Amino acid sequence: MPIYELRCPDGHRFEVIQSFAAPLPECRECGAATAKVPGRCGLLGSARVPPPAAAMPQTWRGTGGADREYVTGLRRTAEARRELEERHPELAGDRRPVLAHEGRYERAPLRAGDPVPERKDRPGITPD
Ligand SMILES: [Zn+2]
């Protein structure tokens, strides 16, 4: 989904991430109707959302053998993503370390801080 910069008649500006067709939200400061600010980030006043870190190449081969230009581009993308996550923390997702991701945790990994569910067949005993 693209990022839009919005502006109200009083000049308040803020960003939203939403689909092209979604109705524009009211101004967060004064509640007035908003309009997209054209320009800055492209033809429609929108910019593409950079991919999350997990979607970036994780291997040497994935960087085209550490191709200098490609790696520089990746670094810029990662920085753009980091800045975006600072402004929109909801994009960052769950950053807690994953403790278990196999078996029954395949769909919902067990993360640090999650309560460890008791085993049904051995009440009072936590899973191995
Ligand atoms: Zn406003």
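1. The donor residues of the zinc ion follow the spacing C-x3-H-x14-C-x2-C along the sequence. The structure discussed here is a predicted model, and the points below should be read accordingly.

2. Four side chains coordinate the zinc ion: Cys8 through SG, His12 through ND1, and Cys27 and Cys30 each through SG. The coordination distances run from 2.1 to 2.3 Å. The arrangement is tetrahedral, because the 4 donor atoms subtend angles of 105 to 113° around the zinc ion. For reference, the ideal angle for four tetrahedral donors is 109.5 degrees.

3. Two of the donor residues can be described by their accessibility. Cys8 has a relative accessible area of 2% and is therefore buried, the limit being under 20%. His12, at 27% relative accessibility, counts as partly exposed.

4. On aromatic contacts, a search of the whole structure returns 0 aromatic pairs. Tyr4 nevertheless has a charged neighbour: Lys36 lies over the face of the Tyr4 ring, at 4.0 Å from the ring centre.

5. The largest pocket has a volume of about 200 Å³. Its lining includes Pro51, Pro52, Ala53, Ala54 and Met56, together with Ala78 and Ala92. Arg81, Arg82, Glu85 and Arg95 also line the largest pocket. Classified by residue type, this lining comprises 7 nonpolar and 4 charged residues, with no polar ones.

Methods:
Residues numbered from 1 in each chain as written. Predicted model: local features only at pLDDT ≥ 70, side-chain atom pairs only at ≥ 80, totals over all residues. Heavy atoms only, no water. Donors = N, O, S within 2.8 Å, 3.2 Å for Na, K, Ca; no water. Tetrahedral: all angles 85-135°; square planar, octahedral: opposite > 155°, others 65-115°. Buried < 20%, exposed > 50% of the residue type's maximum accessible area, 1.4 Å probe, protein only. 1 Å grid on protein atoms, 1.4 Å probe; cavity = no way out; pocket = protein on both sides within 12 Å on 5 of 7 lines; lining within 4 Å. Points joined across faces, edges and corners; volume = space filled by probe spheres on them. Nonpolar A, V, L, I, M, F, W, Y, C, P; charged D, E, K, R; others polar. Phe/Tyr/Trp six-rings, centres within 6.5 Å; stacked < 30°, edge-to-face > 60°. Lys NZ or Arg CZ within 6 Å of the ring centre and 35° of its normal.
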